[in-house]
Amino acid sequence: MIHYIMVFTDRAKTVLEIRYLLKNEKGEVIETPEQMFHRVANYVAQAEELYQENPSEWAEKFYEIISSLRFLPNSPALMNAGKPKAQLAACFVLPVEDSIEAIFKTLKDAALILQSGGGTGFNFSHLRPKGDVVRSTGGIASGPVSFMKIFDKASDIIKQGGARRGANMGILRVDHPDILEFVRIKRFENLSNFNISVVVTDAFMDALFKDDYYPLINPRNGEVVKKLKAKEVFDEIVESTWETGDPGVIFIDTINRYNPTPHIGQIESTNPCGEQPLLPYEACILGSINLSKYVKGGSIDFQMLEHDVKIATRFLDDAIDVTHYPVPEVEKMHKGNRKIGLGVMGWADCLVELGIPYNHKKAFQLAETVMKFIKEKSHETSQELARKRGVFPNFKGSLWDKRGTMMRNATTTTIAPTGTISIIADCSSGIEPYFLLAYKQRILDTEFEIINKYLIDFAQKQGFYSEEFINELRQKGTLRGIKSVPLKIKKLFKTALEITPMQHIEMQACFQKYTDNAVSKTINLPQRTKKQEVAKIFILAYKKGLKGITVFRYGSKTGTLLKVSDAH
Ligand code: UDP
């Protein structure tokens with residue numbers, strides 16, 4: 001039995017004990033969460049020594065923001081800091097080149113990353129299409145989808161001994177000859193360790209808007225294999241997404257317009273949940289500020305936010321220096337660009353504390369204000385670090401170089417899903433609205449009932465709390481149709497399916513505007529949503545300048561990972 005001093009929910013305690021707290025050989029937990037936070041803070045602060053700074057002074061600062069649950073780094077940092085193989089990054093992208101040797105080298109690298117708790121994205125577009133020639137054997141190529149299946153199977157096996165469920169992103173360009181097979185795959189096969197996304201180009205979107213044809217190109221020789229109507233492929237993407245939640249769409253030209261290091265390479269893939277576009281062999285360490293902790297006297301305490309963003313940014317930069325990389329090429333690339341991704345969680349909680357409905361004009365304005373502030377302060381920190389520690393090694397020729405801004409990190413901001421760390425911090429995840437106000441979640445053998453704590457508080461203070469109210473809420477999950485609840489409260493606690501798709505996109509766009517990398521957001525749709533609506537969402541997302549989009553229609557078939565309930 002471990003003795004808790006800090007206050008955690010039962011659900012957080014279970015997650016911590018299963019996955020995060022250190023155990024002895026008998027599998028018994030041998031540290032408290034406070035000790036875990038000290039382990040993380042002390043380990044990461046060791047990097048300060050490299051720059052002639054005082055590690056214990058910084059360890060204390062890191063511990064203070066982490067143990068107060070105002071900031072948490074991504075899960076691998078919490079799990080692995082201080083261990084012999086301290087791999088601290090959540091996000092990776094590996095190249096997949098067109099030879100058996102290269103494919104299986106990547107599979108091996110992916111296995112090592114998976115074992116360390118990281119998630120990997122793969123773009124399979126360099127592989128020759130199904131049915132193409134294999135000169136060395138005189139045989140026939142089996143195509144990208146067949147290799148993705150091997151990666152999926154391997155993930156199944158490795159995750160059993162690894163730190164957590166394997167998360168992979170499988171990607172194919174819209175102009176690859178096997179695109180239709182790829183787009184449809186989740187309708188017929190489970191591939192439960194893969195999220196999939198189609199890389200869509202500006203040229204494809206132009207062809208779609210003009211109702212024109214576009215070419216499919218064999219990556220082996222650059223030859224045009226055939227032409228397809230853009231609308232035909234787009235409709236297939238919509239159909240599959242409507243039915244299964246996959247594929248998502250990645251707007252690659254938008255991503256590369258913001259690629260800070262085009263001289264090092266073009267971005268072709270993201271990590272598993274889409275929030276982190278990366279070059280082949282690149283990694284990123286994420287961390288999130290818990291915005292629910294910054295509401296003081298009816299407004300946001302920007303002074304405290306600035307203080308914490310600076311420390312958190314420095315923590316993430318330090319984390320790169322003390323990470324044990326499972327793959328040498330990744331170490332070189334990550335240390336060359338030093339990408340970090342500071343983001344937010346607890347956004348829905350923060351809005352409720354401020355009395356602003358998620359889909360109100362003020363919420364969109366505040367999203368921009370808050371994220372702009374976080375981005376500016378973290379860039380300022382990266383610039384201060386650059387003055388003391390030097391710019392990132394690939395700086396020369398980068399967009400930062402062209403702008404004349406010294407930076408320690410090629411990027412500093414990303415909005416992660418925060419699937420698990422938001423459970424530990426007991427806040428709403430990422431920038432998502434509440435999905436339900438009362439629900440049950442199973443973690444291994446234990447079932448937890450979660451009832452929104454802010455709603456209970458409002459109900460008690462405003463006099464609508466009763467046994468009957470809680471029972472009705474348990475049944476419905478939302479406030480819709482519950483007579484005893486004032487209209488104002490109903491508006492404040494609107495859930496994901498009561499918010500329009502356009503409002504979901506608007507929120508994503510507000511955060512994206514001030515985020516260097518990308519934003520994790522699911523456009524959750526009611527089951528009755530029509531396919532045309534999904535098509536409209538994709539087009540709007542493109543026009544709004546988003547880097548990618550994920551749509552999930554409630555009740556649609558899914559074998560995908562990272563629906564919080566089955567990811568742990
Ligand atoms: N991730 C993973 N396996 C998981 C969950 C997440 O590999 O089961 C990786 C993946 O790259 C994802 C990133 O971690 O995009 C961040 O996810 P999230 O914020 O939900 O992670 P947390 O730090 O809350 O565990």
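In this predicted model, Asn-218 sits in the loop that joins strand 8 (213-217) to strand 9 (224-229). Despite being a loop residue, Asn-218 is buried, its relative accessible area being 6%, which falls under the 20% cut-off for that class. A polar contact of 3.1 Å links the side chain of Asn-218 to the side chain of Asp-132. Beyond its neighbours within four places in sequence, the residues in contact with Asn-218 are Arg-128, Pro-129, Asp-132, Pro-177, Glu-223 and Val-225.

Turning to the nonpolar interior, the largest core comprises 151 residues. Phe-37, Leu-88, Ile-179, Tyr-214, Trp-347, Phe-511 and Ile-549 have the most contacts inside it. Helix 11 (residues 302-322) provides the largest share of this core, with ten residues. The core lies between domain 1 (33-85 + 287-422) and domain 2 (436-494), because both domains give residues to it. Setting aside residues up to four places away in sequence, Phe-37 touches Met-6, Phe-8, Tyr-63, Ile-66, Ser-67, Leu-69, Leu-72 and Leu-78. A second core, separate from this one, has 19 residues, among them Ile-470, Leu-473, Leu-479 and Val-485.

The model also offers a pocket worth a look. The second largest pocket holds about 520 Å³ of space and has a lining of 31 residues. Of these, Tyr-258, Lys-375, Thr-515, Asp-516 and Lys-547 are nearest the pocket centre. At least two lining residues come from each of helix 10 (252-257), helix 14 (361-389), helix 15 (399-403) and helix 20 (501-512).

How values were computed
Residues are numbered from 1 along each chain as its sequence is written. This is a predicted model: local features need pLDDT of at least 70, side-chain atom pairs count only at pLDDT 80 or more; totals for chains, interfaces and linings use all residues. Side-chain values use heavy atoms; hydrogens and water are left out. A nonpolar core is a set of buried Ala, Val, Leu, Ile, Met, Phe, Trp, Tyr and Cys residues joined through side-chain atoms within 4.5 Å. Buried means under 20% relative accessible area, exposed over 50%, partly exposed in between (1.4 Å probe, protein chains only). Helices (H or I, at least four residues) and strands (E, at least two) are DSSP runs, numbered from the N terminus. Domain bounds come from an automatic or database domain assignment. Contact means heavy atoms within 4.5 Å. A polar contact is a pair of N or O atoms within 3.5 Å; within protein, one must be able to donate a hydrogen and the other to accept it, and residues adjacent in sequence count only if both atoms are side-chain atoms. On a 1 Å grid over the protein atoms alone, a cavity is a set of points where a 1.4 Å probe fits but cannot get out, and a pocket is an open set with protein on both sides within 12 Å along at least five of seven lines; lining residues have an atom within 4 Å of a point. Grid points are joined across faces, edges and corners, and a volume is the space filled by probe spheres set on the points.
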